[in-house]
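Trainee: I would like to go through a structure step by step. Please show it first.

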Amino acid sequence: GAAARELWRLDGTVSRGLTAQAAADRAYAVVDAGGGRNDLLVLDTATGEELDRERLPGRPVFTVGTTIGPDATVYVPSINGDGVRVVID
């Protein structure tokens, strides 16, 4: 369409990387968890509901290229070169 409209918002959430979207209305976002830590959020893109939250190891400042594999494994590479493999049940 020619215009966008806001459907929902997560106030107080600070993004730490690029969000990946998958089938079944799911989005995977890395967000600031405080204290230099980051969490991976699984969100319902239709409602903004948080479906799952997983703590990521290490303390990367920013993540790049969050990817969802064919087996639903979520990969979260960070700018320091450390890759993190996250399995969401």
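Mentor: What follows is a set of questions on the sheet, the core and one loop residue.

Mentor: This is a predicted model, where local features need pLDDT of at least 70, side-chain atom pairs count only at pLDDT 80 or more, and totals for chains, interfaces and linings use all residues. Residues are numbered from 1 along each chain as its sequence is written, and side-chain values use heavy atoms, with hydrogens and water left out.

Trainee: Which strands are the edge strands of the open sheet?

Mentor: Strands here are DSSP runs of E with at least two residues, numbered from the N terminus. Two strands pair if DSSP finds at least two bridges between them. The open sheet has four strands in the order β1-β2-β3-β4, paired antiparallel. Pairing on one side only marks the edge strands, β1 (20-22) and β4.

Trainee: Which residue in β4 does Asp 39 stand opposite?

Mentor: β3 and β4 are antiparallel partners over six bridges. Opposite Asp 39 in β4 stands Arg 55.

Trainee: Is Thr 66 buried or exposed?

Mentor: Thr 66 sits in the loop between β4 (50-56) and β5 (67-68). Buried means under 20% relative accessible area, exposed over 50%, and partly exposed in between (1.4 Å probe, protein chains only). Because its relative accessibility is 10%, Thr 66 counts as buried.

Trainee: Which residues does Thr 66 touch, not counting those up to four places away in sequence?

Mentor: Contact means heavy atoms within 4.5 Å. With residues up to four places away in sequence not counted, the partners of Thr 66 are Leu 18, Ala 20, Tyr 28, Val 30, Val 74, Tyr 75, Val 76 and Pro 77.
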